Amino acid sequence: MGKAMKKLLTILGISIITAGISFQATASDEVVSQEQEIIEKKEFYEIFIKDHKFTPETFTVPAGEKIKLIIHNQDPTPEEFESHDFNREKIISGNKKATIFIGPLKAGKYHYFGEFNMDTANGYIIAE
Ligand SMILES: [Cu+2]
């Protein structure tokens, strides 16, 4: 084998190994970023009250984190945002908003409701 060919194979060999490493690194980077998307924590979560219903009724937050909730009451009448599951109670005047902090929550499903309109105002927070 000529010196030039040996040099070429060495270069090819190195570049194949390098390609293999960079492919693996890319694949594991993707896995990590997918996991981060699932547990991504937002700065705050908003709930809107309209016609005595919550929007969104059900939403997901990361478990083990303190969560800031901003609740907008878009009805003209007051509502009491309440949960026995995460132990909070807050009256929100008509056309006002309120901020409450909940958690850190263990993984699970937590019921909340509007005490002044319990037949329509219900929702769940899922921690995972
Ligand atoms: Cu109450």
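This is a short talk about the fold of one protein chain, from its overall layout down to a few single residues.

Hi everyone, and thanks for coming. Before we start, please keep in mind that we are looking at a predicted model.

Let's begin with the whole chain. How many helices and strands does the chain have? There is one helix, and there are nine strands. If you walk along from the N terminus, the order reads α-β-β-β-β-β-β-β-β-β, so you meet the helix and then the strands. The chain has 128 residues, and 16% of them count as buried. Now think about contacts between residues with a separation of 6 or more: 57% of those in the chain come from residues 24 or more positions apart.

Next, the sheet. Five strands make up an open sheet, and their order across it is β3-β9-β8-β5-β6, with mixed pairing. Which strands sit at the edges? They are β3, residues 58-61, and β6, residues 88-92, and each of these pairs on one side only. On average, neighbouring strands here are turned by 20° against each other, if you ignore direction. For those of you new to this, strands in a sheet pair through backbone hydrogen bonds, in either a parallel or an antiparallel way.

Let me zoom in on β5, which covers residues 79-83. β5 pairs with β8, residues 108-114, in the antiparallel sense over two bridges. You can find Glu82 standing opposite Phe113 of β8. β5 also pairs with β6, again antiparallel, and this time over five bridges. There, Ser83 stands opposite Arg88 in β6.

β5 and β6 form a hairpin with four residues between the strands. Two residues in that loop are worth a stop. The first stop is His84, in the loop between β5 and β6. Is His84 buried or exposed? It counts as exposed, because it has 11 C-beta neighbours inside 10 Å, and the cut-off for exposed is 12 or fewer. His84 and Tyr110 are 26 residues apart along the chain, yet their C-alpha atoms are separated by 8.6 Å.

The second stop is Asn87, in that loop between β5 and β6 too. Asn87 has a positive phi of about 55°, although it is not a glycine. Asn87 is exposed, because it has 9 other C-beta atoms within 10 Å.

Tyr110 takes us to the core. In soluble globular proteins, nonpolar side chains tend to be buried together. What does the largest nonpolar core look like in this chain? It has 15 residues, and those with the most contacts inside it are Tyr110, Tyr112, Ile125 and Ala127. Three strands, β4 (67-73), β8 and β9 (122-127), each supply at least two residues of this core. Take Ala127 as an example. Apart from its neighbours within four places in sequence, Ala127 is in contact with Val61, Ala63, Leu105, Lys106, Ala107, Gly108 and Tyr110.

Now for some backbone details. Where are the cis peptide bonds I want to show you? One joins Thr55 and Pro56, with omega at about -10°. Pro56 has its place in the loop between β2, residues 53-55, and β3. Another runs from Gly103 to Pro104, with omega near 0°. Pro104 is found in the loop between β7, residues 97-102, and β8.

There is another residue with a positive phi to point out. His52 has a phi of about 65°, and it is not a glycine. You will find His52 in the loop between β1, residues 45-50, and β2. Why is His52 called partly exposed? It has 15 other C-beta atoms within 10 Å, and that number falls between the cut-offs for exposed, 12 or fewer, and buried, 20 or more.

My last residue is Pro76, in the loop between β4 and β5. Pro76 counts as exposed because it has 8 C-beta neighbours inside 10 Å. Which residues does Pro76 touch, not counting those up to four places away in sequence? The answer is Gly94 and Asn95. The C-alpha atoms of Pro76 and Lys96 are separated by 8.8 Å, with the two residues 20 apart along the chain.

To recap, we saw an open sheet of five strands with mixed pairing, a nonpolar core of 15 residues, and cis peptide bonds leading into Pro56 and Pro104. Thanks for listening!

Note on methods
Residues are numbered from 1 along each chain as its sequence is written. This is a predicted model: local features need pLDDT of at least 70, side-chain atom pairs count only at pLDDT 80 or more; totals for chains, interfaces and linings use all residues. Two strands pair if DSSP finds at least two bridges between them. Axes are lines fitted to C-alpha atoms, for helices over the stretch in contact, and angles run from 0 to 180 degrees between N-to-C directions. Two residues are in contact if their C-beta atoms, placed from the backbone, lie within 7 Å. A nonpolar core is a set of buried Ala, Val, Leu, Ile, Met, Phe, Trp, Tyr and Cys residues joined through C-beta atoms within 7 Å.
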